[in-house]
Structures are given as structure tokens and as C-alpha cells.
Amino acid sequence: MSSLTAQELATQPANWRQAAALAAASSAALPQRGERVAVVGCGTSWFMAQAYAVLRESGGHGETDALAASEFPLGRHYDRIVAITRSGTTTEVIELLDRLKTPSTVLTGTPGSPVLEVADQHVMLEFADEHSVVQTRFATTALALLRAHLELEEALPAGVATVAKAAEDAERALAWELPAALVAAEQVSFLGRGWTYGLAQEAGLKMREAAGAWTESYPAMEYRHGPIAIAAPGRAVWAFGGLPEGLPEQIGATGADLLDEPGLDPMADLVRAQRLAVATAEARGLNPDEPRALTRSIILV
């Protein structure tokens, strides 16, 4: 029987399409053109915030910062705060929204959760909620919603595909045969550029959470500045959205395996990385549904 995590991550193409259909109805609650916006979250949600912030700002929709809820600069002015929290119970997010006077919107998967009491508006993504501790589909569905809204606003950066195309690619990602050498890799470094750096961060986190694996994540151009020293045979480098000129050759010279498929939508590529996390956990005799030292929501007491 497949793990719960594997079952949930497999619904992402349908989840993304549903989020795209929801974008128009949710438009009033989402960032408006020209607003200065902060997108906050913790862990996985913060990495989705990073991806969206780059998409929105580079698409000309407005200045956008992505911030860990615990590190929010209270003296800085924003027109709107967007919070991403699957459970709606994350302590740092609730305390931040309760403290701020800035208009706020929360994206959550749990009806009746405490965060709804402190947010001004919300978009409910309960169809993508999860029982798993390790987040997969909720996070990417929240990003799909925000990305679809940019589509409607004609503010997608050049070269970024529609959510419909991403969902098609995600179906390909679910059918992809995981290379045995990748599952057995001693170490994996994930690289991204622009909005895909947040996805690279999330891929590394999934591997650490589900499989206790040694992973690192970097902006692709920064990888040359030291981190490439750990690349070696039996290790791998995974690029989201393509690599700078010359870097593939440098990685190849180390003997590390390189995964670089720029024709695949980066969100769909993240689905492949989620599958790798599950497969690596199982190959190591671990249960990806029971990650060490983690719970579904971080509630501080």
C-alpha cells in the first residue's frame, strides 16, 4: 500500500486546476495591482511565499516581500499581508496577524481554524488539505491559486506558463520513473533561479522531512561560490527551471548526477522531488507519513 503522503501528492494536477478555477472568484481578497504586499508563512508556506513574491514583482504587479512570520519587520509599511497556513493554527502567523493593523488575507485549508478570527479575508482551499505531516498538495495549490490570479491580471512574467500547462506537466511528473541512482544518492543539492529558488528550497525541505536526507538548496548562480565543492560521484544536483551557461559542464566535471529539465514546468518538477522524498524514505526503511520530530502544525505554548 502506498503511503498517505504519496496518495495526497498524486492529486496535485486536479488540485491546481480547481485552484485556477477559484482564482477569479477570490480576486477581491488577493493582492491588487500596485499594492505593496508582504506574503508570510512558516516552513513550506514561506518557500511558496518566496516563489510567489518573485513572480508577482517581476510580472509588474507590485512590490512583494516574502517573510518568515517570526521575522516580520513590524516597522515596515505594507498595503496588504497575505498569510499562507495549511492548518490555520500556526502560532507565529496567528500572533502576527493579531498584532498588525494592515489589511490581511489568509490562504488556509482548515475551516473554522483560529487564524480566521484574526484575518480580514480568507480563501479556503479545503479541497487540498492534507492529513499528512509533510506538506505537498496544499502548498503547491496555494501557489497555483496565486499564480492563476496573476494570469487573470495579465501579470505573469515572460516565459512562465499557465497553471493549466503546469497541471499537464504534473501529470507527466507523476508518471516519471525515478532513477535508482537518484534514490540511492548520498546527497542532493537543489538549485533555482528567480521564482524557482523558493521551489528548490522546498524540494530540499521535503527530502529532509520525509527521509532525513542530506540536502541543500541554493540560487543557481551562488552554487559556484563554494557549495559545488561537495558535488561528487554518488551525489546529485537538481535544477529547477534551467541552469546558467557553463554551470552544467562544471557540475558534470565533478562526477555528480545532474537533473535539468527546463521544458518541464518548475511546479511540476517539484512534484518529482516530492516523489523522490517518499521513495528515498521508503528505501531507507522509513515511513514518510511519520517524519522524525515533526507534527502537522507547530503550535507554541
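**Exercise 1. Is Gln 201 buried or exposed?** Place the residue, then look at its surroundings.

*Solution.* Keep in mind that you are working with a predicted model. Start with the secondary structure: Gln 201 sits in helix H8, which covers residues 196-211. Next, take the relative accessibility, which is 16% for Gln 201. Buried means under 20%, so Gln 201 counts as buried. Finally, check who is around. Skipping residues up to four places away in sequence, Gln 201 touches Phe 47, Gln 50, Arg 208 and Ser 217.

**Exercise 2. Work out the overall build of the protein.**

*Solution.* First, the parts list: the protein has ten helices and nine strands. Then the dimensions: along the principal axes, the C-alpha trace spans about 55 × 40 × 35 Å. Now test for compactness. A compact globule of 301 residues would have a radius of gyration near 19 Å, and the protein has 18 Å, so the two agree.

Contacts come next. Among those with a separation of 6 or more, 69% join residues 24 or more positions apart. As for cover, 56% of the 301 residues count as buried. The accessible surface comes to about 12,200 Å², and carbon and sulfur atoms own 52% of that. Last, the charges: there are 23 positive and 37 negative ones, and their mean positions are 1 Å apart.

**Exercise 3. Which residues of the largest nonpolar core touch the most other members?** Then find out what surrounds Phe 190.

*Solution.* A bit of background helps: in soluble globular proteins, nonpolar side chains tend to be buried together. Here the largest nonpolar core has 66 residues, and the ones touching the most other members are Trp 16, Leu 107, Phe 190, Leu 199, Trp 238 and Phe 240. Helix H10 (residues 266-283) gives this core its largest share, ten residues.

Zoom in on Phe 190. Leaving out neighbours within four places in sequence, its contacts include Trp 238 and Phe 240, along with Met 207, Tyr 218 and Ala 273. Polar residues show up on the contact list too, among them Thr 215, Glu 216 and Ser 217.

Don't stop at one core, though. A second, separate one has 17 residues, including Val 40, Leu 67, Leu 97 and Ala 119.

**Exercise 4. Follow the chain from Val 278 to Asp 289 and say how much cover each has.**

*Solution.* Val 278 lies in helix H10. At 6% relative accessibility, Val 278 counts as buried. Outside the four-place window, Val 278 touches Ser 3, Thr 5, Ala 6, Leu 9 and Pro 288. For a distance check, try Pro 179: it is 99 residues from Val 278 along the chain, with 13 Å between the C-alpha atoms.

Asp 289 belongs to the segment after H10. With a relative accessible area of 23%, Asp 289 is partly exposed. Using the same window, Asp 289 touches Ser 3, Leu 4, Thr 5, Ser 132 and Val 133. So much for Asp 289's neighbours; its C-alpha is 27 Å from that of Gly 192, a residue 97 positions away in sequence.

**Exercise 5. What is notable about phi of Glu 154?**

*Solution.* Locate the residue first: Glu 154 is in the loop between helix H5 (137-152) and helix H6 (163-175). Phi of Glu 154 is near 55°, a positive value in a residue other than glycine. To finish, look at the cover: Glu 154 has 73% relative accessibility, so it counts as exposed.

Notes
Residues are numbered from 1 along each chain as its sequence is written. This is a predicted model: local features need pLDDT of at least 70, side-chain atom pairs count only at pLDDT 80 or more; totals for chains, interfaces and linings use all residues. Side-chain values use heavy atoms; hydrogens and water are left out. A nonpolar core is a set of buried Ala, Val, Leu, Ile, Met, Phe, Trp, Tyr and Cys residues joined through side-chain atoms within 4.5 Å. Buried means under 20% relative accessible area, exposed over 50%, partly exposed in between (1.4 Å probe, protein chains only). Helices (H or I, at least four residues) and strands (E, at least two) are DSSP runs, numbered from the N terminus. Contact means heavy atoms within 4.5 Å. The radius of gyration is taken over C-alpha atoms; the globule rule is 2.2 Å times the number of residues to the power 0.38. Accessible areas come from the Shrake-Rupley method with a 1.4 Å probe; for residues, only the protein chains shown count as cover. Lys and Arg count as positive and Asp and Glu as negative; His and the chain ends are not counted. The place of a charge is taken as NZ of Lys, CZ of Arg, CG of Asp or CD of Glu.
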